[in-house]
Amino acid sequence: MSDWQRVVEEHSRPILGIALRILGRVHDAEDVSQDVFCEAFRLHQRGKVSDLPGILRRLATLRSLDRLRSLRPSEPISEELM
């Protein structure tokens with residue numbers, strides 16, 4: 001088992017939990033979790049990660065909020081408001 005596989009095994013449940021609490025849907029939370037680990041892996045390869053658990057939690061929160069915003073229906077701005 002590689003070091004990165006161990007990281008994923010160790011942190012996958014908490015990261016999924018963060019995403020699930022924010023998004024409320026398992027499918028979206030799983031997608032976000034996968035995105036988080038991919039992004040963290042790229043950062044790790046560049047040597048820019050000093051606190052891996054911290055960056056994983058932060059990325060999970062930020063990417064979940066991004067997903068939540070993208071799922072929210074938007075309405076065009078009324079001419080009266082301009």
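Reader: What makes up the secondary structure of the protein chain, in helices and strands?

Author: It comes to three helices and zero strands. Helices (H or I, at least four residues) and strands (E, at least two) are DSSP runs, numbered from the N terminus. Along the sequence, that reads α-α-α. Bear in mind that this is a predicted model, where local features need pLDDT of at least 70, side-chain atom pairs count only at pLDDT 80 or more, and totals for chains, interfaces and linings use all residues. Residues are numbered from 1 along each chain as its sequence is written, and side-chain values use heavy atoms, with hydrogens and water left out.

Reader: Why is the protein chain called more spread out than a compact globule?

Author: Its radius of gyration is 16 Å, well over the 12 Å that the globule rule gives for 82 residues, so the chain is more spread out than a compact globule. The radius is taken over C-alpha atoms, and the rule is 2.2 Å times the number of residues to the power 0.38. The C-alpha trace spans about 60 × 25 × 15 Å along its principal axes.

Reader: Why is α1 called oblique to α2?

Author: The axes of helix α1 (residues 3-23) and helix α2 (residues 26-45) come within 8 Å and cross at roughly 135 degrees. Angles under 35 degrees count as roughly parallel, over 145 as roughly antiparallel, 65 to 115 as roughly perpendicular and the rest as oblique. That makes α1 oblique to α2. The axes are lines fitted to C-alpha atoms, for helices over the stretch in contact, with angles running from 0 to 180 degrees between N-to-C directions.

Reader: Which residues make the contact of α1 and α2?

Author: Among them are Trp 4, Ser 12 and Leu 23 of α1, and Val 26, Phe 37 and His 44 of α2. Contact means heavy atoms within 4.5 Å.

Reader: How do you know whether Ser 64 is buried or exposed?

Author: Buried means under 20% relative accessible area, exposed over 50%, and partly exposed in between (1.4 Å probe, protein chains only). Ser 64 has 0%, so it is buried. This residue sits in helix α3 (residues 52-71). Not counting residues up to four places away in sequence, Ser 64 touches Ala 19, Ile 22, Leu 23, Val 32 and Leu 59.

Reader: And what does Ser 12 count as?

Author: Ser 12, in helix α1, has 28% relative accessibility, so it counts as partly exposed. Across the protein chain, buried residues make up 26% of the 82 residues.
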